[in-house]
Amino acid sequence: MGLPSHQVCQIQPNSPAVYVRHRPETTLLYQIVQEYWPEFQAELASHGRYLPAFVTKEFEEYLKCGRLEHGFLRVRCESCHDEKLVAFSCKRRGFCPSCGARRMADSAAMLVDEILPHQPVRQWVLSVPFPLRFLFARNPKVMTKVLGIVYRTIATHLTHKAGFTNPMVQTGAVTLIQRFGSALNLNIHFHMLFLDGVYTGGSNRLPVRFRRVKAPTRDELTRLTYTIAYRVARYLERQGLLERDTGNIYLTPEALDASDEDPSNQLLQHSITYRIAVGPQQGRKASASCSRPSPTSL
């Protein structure tokens, strides 16, 4: 004998049908931003500096995300007639953990269900030096061009390893660009989901077949690293973003795009190198202790 539907909803707290409201105000990140964000803005304003409008909007929208006082929907279960309040989310793409996790889950489901074929996939991760992290953060168009160089280099490697030339076969990849490290520092790097092989055929009535390749060796990875570094550096030099002299390589002023009125450059540079950006401790390495930070260390 089955249970009434309203009892089923009540006795299965771990069921996907049970909604538990997200309470961002109970998280440490929310509490830190809520308490110190106004002071951080005031600190910048005292020096006549202000963040770009899109950065300010990111923080302001995050502080409203998941809070009932900023808007909600009332939903009602058709089976048990139970009602819940669902707060509006910010849907921002910056640092909101709730919206980021939802977007991550949706993207993963879409990749598995609609994009990735049922073939082996290998993850390739590319990290870049500090100056290039700053350049990519300031100039997304350059980052897109560099990503194309990286893709073509790895795709060519897979093609040759399978025993073919580029016009004869096809491979593919999906790249997820991550902008931060484990300490929430600015660390732009690429997570590339590459097919672990190549497709042959598809023309002249030849059947399409997938040919898997062996895992890359240490020597192959070393050669790929040097090839990518050389091609990226050559591209940046042609664009006037990179200069070389005896034993040194550095970004040009055009790449730095320095401006005293925009504090973003200073904040980005300090975030990349794990240093405090403003306040009396400016320039010092950020502590890895578990204590709550001061407002000047955001």
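A residue is counted as buried when its relative accessible area is under 20%, as exposed when it is over 50%, and as partly exposed in between. These classes are applied below to a predicted model, with attention to its salt bridges, its cysteines and a patch of positive charge.

The model contains 10 salt bridges. One of them joins E25 to R67, with the closest N and O atoms 3.5 Å apart. This pair links distant parts of the chain, as the two residues are 42 residues apart. E25 lies in the loop between α1 (5–11) and α2 (28–45), whereas R67 lies in the loop between α3 (53–64) and β1 (72–76). R67 has a relative accessibility of 16% and therefore counts as buried. Its partner E25, at 24%, counts as partly exposed. Both residues also belong to a network of salt bridges that links R21, E25, R67 and E69.

Two further salt bridges involve D82, E83 and K84, residues that follow one another in the numbering. In one, the side chain of E83 meets that of R76, with an N to O distance of 4.0 Å. R76 is exposed, with a relative accessible area of 52%, while E83 is partly exposed at 40%. In the other, the side chains of K84 and D82 meet at 3.9 Å, N to O. K84 is partly exposed, with a relative accessibility of 35%, and D82 is likewise partly exposed, at 38%.

The count of disulfides is 0. For C65, the closest cysteine sulfur is that of C96, at 3.8 Å. A disulfide requires two cysteine sulfur atoms within 2.5 Å, so the sulfur of C65 is too far from that of C96 for a bond. For C96, the closest cysteine sulfur belongs to C99, again at 3.8 Å and too far for a bond. C65 is buried, with a relative accessibility of 4%, and C96 is buried as well, with a relative accessible area of 8%.

On the surface, K145, R152, R231, R234 and R238 form a positive patch. The elements that give two or more residues to this patch are α6 (140–161) and α7 (218–238). Helix α7 gives the most, with 3 residues. R234 is located in helix α7. With a relative accessible area of 37%, R234 is partly exposed.

How values were computed: Residues numbered from 1 in each chain as written. Predicted model: local features only at pLDDT ≥ 70, side-chain atom pairs only at ≥ 80, totals over all residues. Heavy atoms only, no water. Patch = residues over 30% accessible without salt bridge, like charges linked within 9 Å, V, L, I, M, F, W, Y side chains within 5 Å. Areas by Shrake-Rupley, 256 points an atom, 1.4 Å probe, with all protein chains shown as cover. Lys, Arg positive; Asp, Glu negative; His and termini not counted. Charge placed at Lys NZ, Arg CZ, Asp CG, Glu CD. Helix = DSSP H or I, 4+ residues; strand = E, 2+ residues; numbered from the N terminus. Buried < 20%, exposed > 50% of the residue type's maximum accessible area, 1.4 Å probe, protein only.
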